[in-house]
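I opened the model to look up a sheet, a core and one loop residue. My entries follow.

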Amino acid sequence: MKLTFLGTRGEIEAQTRRHRMHTSLLVLHRAARVMIDCGLDWLGKLKRVDPNAIVLTHAHPDHAWGLKRGAPCPVYAPQKTWQELQLYPIKDRHLIEERTGTKICGITFEAFPVEHSIRSPAVGYRVSAGRARIFYAPDLIFIDDRSAALKGVQIYIGDGATITRTFIRRRGKALIGHSPVRTQLTWCQKEGVHRAIITHCGSEIVTGDERKIFASLCAIAAEHGVDVRIAYDGMTVAL
Ligand SMILES: [Zn+2]
Ligand SMILES: [Zn+2]
């Protein structure tokens with residue numbers, strides 16, 4: 001399996017060369033190219049990505065609005081995401097059942113519900129092909145069934161909206177927002193995942209001194225026995 005971080009910018013105004021495009025991951029396996037998420041930045045720019053399929057985590061603008069004029073390939077999403085995208089002119093729609101492996105172009109995607117938004121419920125994906133296994137959750141407060149999601153995972157790819165501050169709001173009984181990277185690294189430690197890559201970068205990373213932030217992140221990660229990297233647009237990883 002090979003990964004290309006097509007975009008690493010979260011739902012923020014700021015943009016830099018390293019974090020220009022809305023968060024999206026291209027998963028490559030043999031000849032297959034499957035794109036996870038397609039935010040507004042990708043509108044009209046899919047030709048150069050040339051995906052065989054697109055998989056969506058949720059319907060927020062920075063994850064799905066690039067499809068508002070349709071898609072050049074099949075699109076896979078959970079029911080709750082399709083409900084919000086009803087009016088999009090996407091012809092080839094496929095349903096992803098949560099907690100069931102769905103094979104897409106030879107790559108298995110299993111959706112795990114994550115807490116993040118009430119109006120646009122989100123999932124994270126456990127993605128496996130051959131012996132490679134990753135978990136990808138660009139927006140989340142927590143994973144409902146974290147142990148199952150992270151079992152045997154080689155790389156946790158998580159939400160960089162915030163490093164140490166809390167972006168969590170209460171709405172009635174539910175929580176919305178993003179967990180800090182610091183918290184996500186504790187999950188990796190608890191579930192025995194030794195590598196983490198941070199994407200969906202927030203303003204702390206995008207407008208801050210990334211070298212300094214990376215250094216402090218490495219210190220936090222080392223305490224948890226995790227090797228951490230901050231993804232940038234165009235970064236590739238081979239598993
Ligand atoms: Zn987002
Ligand atoms: Zn979101």
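I count two residues as in contact if their C-beta atoms, placed from the backbone, lie within 7 Å. The model is predicted, so I note the filters: local features need pLDDT of at least 70, side-chain atom pairs count only at pLDDT 80 or more, and totals for chains, interfaces and linings use all residues. Residues are numbered from 1 along each chain as its sequence is written, while chains are lettered from A and ligands numbered from 1 in the order in which they are written.

**Loop residue.** I found leucine 43 in the loop between E3 and strand E4 (53-55); strands are DSSP runs (E, at least two residues), numbered from the N terminus. Leucine 43 touches Trp65, Gly66, Lys68 and Arg69, leaving out residues up to four places away in sequence. Its C-alpha atom is 9.3 Å from that of glycine 70, 27 residues apart along the chain. Is leucine 43 buried or exposed? It is partly exposed, because it has 14 C-beta neighbours inside 10 Å (buried takes 20 or more, exposed 12 or fewer, partly exposed lies in between).

**Sheet.** I traced seven strands in an open, mixed sheet, ordered E6-E5-E4-E3-E2-E1-E17. Strands E6 (93-96) and E17 (236-238) are the edges, each pairing on one side only. Pairing needs at least two DSSP bridges. I checked E2 (24-29) against E3 (32-36): antiparallel, over five bridges. Leucine 25 has isoleucine 36 in E3 as its bridge partner.

**Tyrosine 136.** I listed its contacts beyond four places in sequence: Leu25, Ile36, Gly124, Tyr125, Val127 and Ile157. Both bridge partners, leucine 25 and isoleucine 36, are thus on that list.

How values were computed
Helix = DSSP H or I, 4+ residues; strand = E, 2+ residues; numbered from the N terminus.
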